[in-house]
Amino acid sequence: MHKLKDSQLLKCCSYINGSWHSSDSQFDVLNPASGAVVAVVSNAGAPETELAVRSAKAALAMWSAKSANERAVLMRKWFDLMMENQDDLSRILTLEQGKPLGEAKGEIAYGAAFIEWFAEEGKRVYGDIIPSAAGDKRILVFKQPVGVVASITPWNFPNAMIARKAAAALAAGCTFVVRPAAQTPLSALAMAELAERAGIPAGVFNVVVGEDARGMGKVLTQHPDVAKFTFTGSTAVGKSLIAQCASTVKKVSMELGGNAPFIVFDDADIDAAVQGAIDSKYRNAGQTCVCTNRIFVQQDVLEQFTDKFTMAVAKLTIGNGLDGAQIGPMITSSAVSDVEKLVADSIAAGATVIFGGKRDPAGENFYQPTILTNVTNDMPIAANEIFGPVSPIISFTDEAEVIALANSTEYGLASYFYSRDIGRIWRVSERLEFGMVGVNEGIISNPAAPFGGIKQSGSGREGSKYGLDDYLEIKYVCIGGLNK
Ligand code: SIN
């Protein structure tokens with residue numbers, strides 16, 4: 001029915017301790033493009049989540065005792081299997097999430113790349129020997145896995161957001177439990193099937209799928225056997241999960257919301273800026289935390305940029321992601337309603353729609369790629385994370401003004417600017433209060449780079465050598481009595 005080369009990749013129940021667990025109740029996974037049922041999945045809850053945590057705890061001693069090299073061999077097999085099955089994995093991803101098939105293929109390669117990268121980086125977990133103040137003592141620093149890692153991952157990247165957490169955790173010697181979003185459990189379960197085929201031992205990688213977000217979340221954030229909790233999702237939910245983690249003082253890392261500025265200075269290559277804005281805004285129908293949220297254009301090039309950008313947006317095709325469209329559906333009809341409200345409230349405040357601005361005839365979950373002008377930084381469309389395919393354009397006159405405008409948000413995840421002035425590139429990169437800055441580049445994500453935010457966009461980093469540190473504890477060992 002789903003035209004998979006390997007139908008065994010479509011799994012419909014949780015993967016705990018190396019086996020597939022069905023439950024009494026079930027839920028439907030829907031295709032956001034059509035509303036059709038893609039699969040009926042066993043509805044796990046808090047008891048299965050508890051079981052997964054206990055399994056991860058039981059597997060911890062065995063997994064952490066393996067050498068980094070032994071873990072890397074298994075992770076490399078997992079990477080190879082993901083790439084060998086890229087077509088099926090991307091088809092499953094598009095069916096449950098809606099993004100265009102080409103983007104889904106990109107996501108599978110992106111997710112797999114974290115597994116490959118961390119498998120290697122796990123071999124470079126170095127400790128230290130620190131010169132001691134006393135001649136008869138030595139100061140040693142060990143780095144050790146934090147223990148069981150629990151995570152909750154979002155629907156917008158059903159593969160890659162799991163891969164980049166799990167890869168770092170497994171490479172560090174931790175075991176892992178994930179509760180993927182209930183809208184998109186199938187990609188996570190397909191990853192589990194491939195982890196099993198790769199020979200990752202039972203209990204090391206567990207996936208619990210179910211609709212009881214609150215009950216499952218409580219287990220993952222409060223269980224005493226969980227040492228670290230990691231979440232990707234909204235800032236509002238992240239704050240309450242951090243609070244829940246407090247009772248057992250877990251190590252937490254949070255990848256939360258964003259409100260990315262995209263600044264076009266008057267010395268920019270305007271064609272490159274247009275392409276960068278298209279890439280960073282309309283990827284995944286605007287549903288990424290790093291999507292451009294506010295486009296600031298310097299007054300002198302406002303008309304030129306707006307005309308070229310509008311022509312480029314007009315070329316984007318909208319429709320079912322399996323049929324070659326560039327803009328797929330949004331995840332749900334209520335997500336479209338949220339965007340409609342932001343647009344309507346901003347029009348009421350004085351913004352003008354110059355392109356799009358409506359639900360699309362392609363279906364209930366489709367919103368047209370949209371451009372708003374005459375926007376100010378305090379309008380709802382600029383003050384909130386849009387998470388949809390809408391570009392608000394705001395004009396500015398000078399560098400100091402735009403830096404102040406860009407920074408006036410509680411978020412601090414991604415930011416972008418286009419300029420060819422080397423002095424400005426340094427100045428603006430240093431002054432933007434964001435964890436990530438794309439300079440003359442709209443796509444900045446990459447396994448070797450530290451992905452993460454400051455302010456209310458989160459804490460911790462994913463990807464890169466810094467991302468591995470988030471899964472390691474530092475232990476100080478003092479050896480004394482050496483002169484006796
Ligand atoms: C996200 O939306 O949180 C992830 C986007 C990315 O990894 O590029």
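A residue counts as buried when its relative accessible area is under 20%. By that cut-off threonine 94, with a relative accessible area of 2%, is buried. The structure described here is a predicted model.

## Threonine 94

Threonine 94 lies in helix H3, which spans residues 86-97. Its C-alpha atom is 6.4 Å from that of glycine 321, although 227 residues separate threonine 94 and glycine 321 in sequence. When neighbours within four places in sequence are set aside, threonine 94 has contacts with Lys99, Pro100, Leu101, Ala104, Gly321 and Leu322.

## Helices H2 and H5

Two packed helices are described by the angle between their axes and the distance between the axes. For helix H2 (residues 68-84) and helix H5 (residues 160-172), the axes come within 9 Å and cross at roughly 155 degrees. Because angles over 145 degrees count as roughly antiparallel, H2 is roughly antiparallel to H5. The crossing of H2 and H5 is right-handed. On the H2 side the meeting residues are Arg71, Met75 and Trp78, and on the H5 side they are Ala166, Ala167, Leu170, Ala171 and Ala172.

## Strand S10 and its partners

Strand S10 covers residues 226-232, and six of its seven residues are buried, so S10 is largely enclosed by the rest of the structure. Strand S7 (residues 148-153) runs parallel to S10 and is joined to it by five bridges. Within this pairing, serine 151 has threonine 230 of S10 as its bridge partner. S10 is also joined by five bridges to strand S11 (residues 251-255), again in the parallel sense. Here phenylalanine 229 is opposite valine 252 of S11. Together with helix H8 (residues 235-245), S10 and S11 make a right-handed β-α-β unit.

## The seven-stranded sheet

Strands of a sheet pair through backbone hydrogen bonds, either parallel or antiparallel. One open sheet has seven strands in the order S14-S15-S16-S13-S12-S17-S18, with mixed pairing. Its edge strands, S14 (352-355) and S18 (436-439), each pair on one side only. On average, neighbouring strands of this sheet are turned by 25 degrees against each other, direction ignored.

Strand S15 (residues 370-373) pairs with S16 in the parallel sense over three bridges. S14 and S15 run antiparallel and are likewise joined by three bridges. The residue pairs named for these strands are listed below.

| Residue | Opposite or bridge partner | Strand of partner |
|---|---|---|
| threonine 370 | valine 390 | S16 |
| leucine 372 | proline 392 | S16 |
| phenylalanine 355 | isoleucine 371 | S15 |

What covers the two faces of S15, and which residues are buried there? Both faces are covered: Thr370 and Leu372 are buried on one side, and Ile371 and Thr373 are buried on the other.

Helices also lie against these strands. Helix H13 (residues 399-407) lies across S12 (260-264), S13 and S16, and runs at about 170 degrees to S13. Helix H14 (residues 422-431) packs on the sheet and touches S13, S17 (414-418) and S18. The direction of H14 makes about 165 degrees with that of S17.

## Glutamine 298

Glutamine 298 is located in strand S13. With a relative accessible area of 6%, glutamine 298 is buried. Its C-alpha atom is separated by 8.6 Å from that of isoleucine 394, which is 96 residues away along the chain. Apart from neighbours within four places in sequence, glutamine 298 is in contact with Val264, Phe265, Asp266, Phe396, Thr397, Asp398 and Arg424.

## Positive phi in two loops

Most residues other than glycine have a negative phi, and most peptide bonds are trans. Alanine 285 has a positive phi, near 55 degrees. This alanine 285 is in the loop between helix H9 (270-282) and strand S13 (292-298). At 3% relative accessibility, alanine 285 is buried. Phenylalanine 387 also has a positive phi, near 50 degrees. Phenylalanine 387 is in the loop between helix H12 (380-383) and strand S16 (390-396).

Conventions
Residues numbered from 1 in each chain as written. Predicted model: local features only at pLDDT ≥ 70, side-chain atom pairs only at ≥ 80, totals over all residues. Heavy atoms only, no water. Buried < 20%, exposed > 50% of the residue type's maximum accessible area, 1.4 Å probe, protein only. Helix = DSSP H or I, 4+ residues; strand = E, 2+ residues; numbered from the N terminus. Pairing = 2+ DSSP bridges. Right-handed = clockwise from strand over helix to strand, strands pointing away. Axes fitted to C-alpha atoms, helices over the stretch in contact; angles between N-to-C directions. Parallel < 35°, antiparallel > 145°, perpendicular 65-115°, else oblique. Left-handed = near helix turned anticlockwise from the far one by under 90°. Contact = heavy atoms within 4.5 Å.
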